[in-house]
Amino acid sequence: EMALRGAFVYDSCGGCHGGGVLAGGMAPDLRASVTVSNIEAFASVVRDGELTGRGMPGYPEITDKELEELRHYIRKRALETADMQNVNKSETELGSH
């Protein structure tokens with residue numbers, strides 16, 4: 001599965017962007033990033049180093065396949081964590097009645 005392979009690619013991202021794509025405060029929350037949904041923009045940032053001036057290094061060695069796997073993993077984690085937030089919100093609302 002692409003997302004599973006993307007989790008391995010993400011290992012080098014977690015130090016700044018948070019383990020499991022749960023933002024740690026040092027770098028933007030990738031789950032909410034519109035850049036992830038656009039392969040050209042994503043490649044420009046991740047591979048080409050478009051944001052090095054803002055602290056995001058480029059990774060010129062990353063392949064197109066790895067970029068796509070990474071995107072799948074980030075989107076999967078965004079969906080999973082959104083689902084968990086909805087469950088927690090529902091439980092909180094039920095408990096307040």
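User: Is E68 buried, exposed or partly exposed, and what's its relative accessibility?
Analyst: In this predicted model, E68 counts as partly exposed, at 22% relative accessibility.

User: Which residue does E68 form a salt bridge with?
Analyst: That'd be R75. The closest N and O atoms of the pair are 4.0 Å apart.

User: What about R75, how exposed is that one?
Analyst: R75 is partly exposed too, with a relative accessible area of 31%.

User: OK, zooming out. How many salt bridges does the structure hold?
Analyst: Eight. One of them brings together the side chains of R47 and D64, at 2.8 Å from N to O.

User: Where do R47 and D64 lie?
Analyst: R47 is in the loop between α3 (39-46) and α4 (64-95), while D64 belongs to helix α4, so this pair ties together parts that are 17 residues apart in sequence.

User: And are those two buried or exposed?
Analyst: D64 counts as exposed, at 55% relative accessibility. R47 is partly exposed, with a relative accessible area of 21%.

User: Next, K76. What's its salt-bridge partner?
Analyst: K76 pairs with E80, and their closest N and O atoms are 3.0 Å apart.

User: How are K76 and E80 placed in the helix?
Analyst: Both sit in helix α4, four residues apart, which is about one turn of the helix. As for accessibility, K76 is partly exposed with a relative accessible area of 36%, and E80 is partly exposed as well, at 29%.

User: Which residues get joined into a network by shared salt-bridge partners?
Analyst: R5, K65 and E69 are joined into one network that way.

User: Switching to cysteines. How many disulfides are there?
Analyst: The count comes to zero.

User: Why no bond for C13?
Analyst: Because the closest cysteine sulfur, in C16, is 8.9 Å from the sulfur of C13, and that's too far for a bond. The cut-off for a disulfide is a pair of cysteine sulfur atoms within 2.5 Å.

User: What's a disulfide in chemical terms, just so we agree?
Analyst: It's a covalent bond linking the sulfur atoms of two cysteines.

User: And which cysteine sulfur is nearest to C16?
Analyst: The one in C13, 8.9 Å away, and C16 is in no disulfide.

User: Last thing: are C13 and C16 buried, exposed or partly exposed?
Analyst: C13 counts as buried, at 17% relative accessibility, whereas C16 is partly exposed at 38%.

Technical notes: Residues are numbered from 1 along each chain as its sequence is written. This is a predicted model: local features need pLDDT of at least 70, side-chain atom pairs count only at pLDDT 80 or more; totals for chains, interfaces and linings use all residues. Side-chain values use heavy atoms; hydrogens and water are left out. Helices (H or I, at least four residues) and strands (E, at least two) are DSSP runs, numbered from the N terminus. Buried means under 20% relative accessible area, exposed over 50%, partly exposed in between (1.4 Å probe, protein chains only).
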